[in-house]
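Me: I've got a model open and I'd like to learn how to read it. Could you walk me through some features, starting with how helices pack?

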Amino acid sequence: MKRLAIDFWVGIFILLGLVCTIFLSLKVANITNFGADDKNTYTLYADFGNIGSLKVNAPIKVSGFVVGRVSDIGLNPKTYQAKVTMIINKNYHFSTDASADILTTGLLGEQYIGLQNGGDIDDLANGDTITLTSSAMVLEQLIGKFMTNMSSK
Amino acid sequence: MKNLIQSIGRPFSSFILMLGETSMLLGKIILSIPYILKRPQLIIKELFFSGVLSIVIIAVSGWFVGMVLGLQGYNTLQRFGSVSVLGSLVALSLIRELGPVLSAILFASRAGSGITAEIGLMKATEQLDAMNVMSVDPIKRIIAPKFIGGVISVPILTMLFNTCGILGGKFVGVNLLGLDSGIFWSQMQDSVNFHADIVNSIIKALIFGIFVSLISVYQGLSSKPTAEGVSSSTTKTVVHSALAVLALDFILTAFMF
């Protein structure tokens, strides 16, 4: 085969690889949403008594709309509460009395953090901690409560 | 007794010898990279033979693997009433495991065996010796371009495999079984992470590419200069590559995910 034809096909091969990678990045991994881009995001913290099975990268939703992702989960050594680091899109601000709940999609689906805006005038800044939190619903505890209620009746 | 112990020791020592020779070969290839960069046409020719000519087999296998994943996943997930996660199932299993592994194995059997046979035959017909006599280093002229062509091809073919597989899974899930295409894609986007999944898939493919190409050129160089020797080396390339890829995949997965 002529050299030019080989060059042409190899060029197509490389382009095909690039197109596939771009397809995977944009369509499959949806990289446009909150990547590692620090410029468009800010960080908030929240302490929870129990995070259930919340995972890193879980979505943070307001009214069901995704505004950020969980970037890290650790344990606060003083209070022995789980400390969740959240990365939030800079376009959305929340008042200092905003509350964070750990919710579940469907009955047994994945867990996510639901934020509820408060009425305070001041907004939470980068690095602030949300104090009003409610823990994950643990099925065993619910059943336990239900059982003790039933037996006491 | 002495013979028994010797027969235990011989495979081990020959294995160590093989590892040593392979690393020496890899060192020589890396040292000849400056020479290759001055003659990119050599690599482009190898990219054509090992990459471009593998496009069809990779695309078709990816498409069918994706379709099978879609079908099997749908049947199993339906029992638990969670067919909506079919998109993430197909995408994650392809990107994380099946894409790199199957592309590397297909590459070994489609291109790697060809590389081994070509080098083995050149050795059997004393073309490599002739080059040496003409003071052309066969490592620089023949081996290194083939190796580098393979290393570049495998990640590109893996991305192609992943893409075709996901499209095949989408074809079965959405077009044939009637899943909602919005749910299919959004579930996938929810669970696939660019850094953790796609970048790791490329790294895996690159490592597999290095190993498969190295095994191919090594087997070609160390084949016996007879028709039988070339044929057994070609077989060894495919077998060793498949084993190395599967074993490495376990190690890499343990580190990455």
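Reply: Sure. Keep in mind that this is a predicted model. For a helix pair, look at the angle and the gap between the axes. Helix 5 of chain B and helix 9 of chain B pack at about 20°, and their axes are 8 Å apart. Angles under 35 degrees count as roughly parallel, so helix 5 of chain B is roughly parallel to helix 9 of chain B.

Me: Which residues make up the contact of helix 5 of chain B with helix 9 of chain B: nonpolar, polar or charged?

Reply: A mix: 14 nonpolar, 10 polar and 5 charged residues. As for handedness, helix 5 of chain B passes helix 9 of chain B in a right-handed crossing.

Me: How do helix 4 and helix 7 of chain B cross?

Reply: Go through the same steps. The axes of helix 4 (residues 55-79) and helix 7 (residues 138-176) of chain B come within 6 Å and cross at roughly 40°. That angle makes helix 4 of chain B oblique to helix 7 of chain B. Their contact has 18 nonpolar and 7 polar residues, with no charged ones. The crossing of helix 4 of chain B past helix 7 of chain B is right-handed.

Me: What about the nonpolar core? Which residues touch the most other members?

Reply: The general idea first: in soluble globular proteins, nonpolar side chains tend to be buried together. Here the largest nonpolar core has 67 residues, and Ala104(B), Leu160(B) and Val212(B) touch the most other members. Among the elements giving two or more residues to this core are helix 1 (3-28) of chain A and helix 10 (227-256) of chain B. Helix 5 of chain B gives the most, with 16 residues.

Me: Now the sheet in chain A. In what order do the strands lie?

Reply: Read across the sheet rather than along the chain. In chain A, 8 strands form an open, mixed sheet in the order 7-1-4-3-2-6-5-8. Strand 7 (129-130) and strand 8 (132-134) of chain A are at the edges with a single partner strand each, so one side of each has no neighbour in the sheet.

Me: And how do I read a hairpin?

Reply: Check the pairing, then the turn. Strand 2 (residues 59-62) and strand 3 (residues 65-76) of chain A run antiparallel and are joined by 4 bridges; Ile60(A) has Gly68(A) as its bridge partner. Their hairpin has 2 residues between the strands, and Ser63(A) in the turn has a positive phi of about 50°.

Me: Where is the positive phi in the hairpin of strand 3 and strand 4 of chain A?

Reply: At Tyr80(A), with phi near 55°; that hairpin has 4 residues between the strands. Strand 3 of chain A and strand 4 (residues 81-89) of chain A are antiparallel, with 8 bridges, and Val70(A) pairs with Met86(A).

Terms used. Residues numbered from 1 in each chain as written. Chains lettered and ligands numbered in written order. Predicted model: local features only at pLDDT ≥ 70, side-chain atom pairs only at ≥ 80, totals over all residues. Axes fitted to C-alpha atoms, helices over the stretch in contact; angles between N-to-C directions. Parallel < 35°, antiparallel > 145°, perpendicular 65-115°, else oblique. Left-handed = near helix turned anticlockwise from the far one by under 90°. Nonpolar A, V, L, I, M, F, W, Y, C, P; charged D, E, K, R; others polar. Pairing = 2+ DSSP bridges. Core = buried A, V, L, I, M, F, W, Y, C linked by C-beta atoms within 7 Å. Buried ≥ 20, exposed ≤ 12 C-beta atoms within 10 Å, placed from the backbone.
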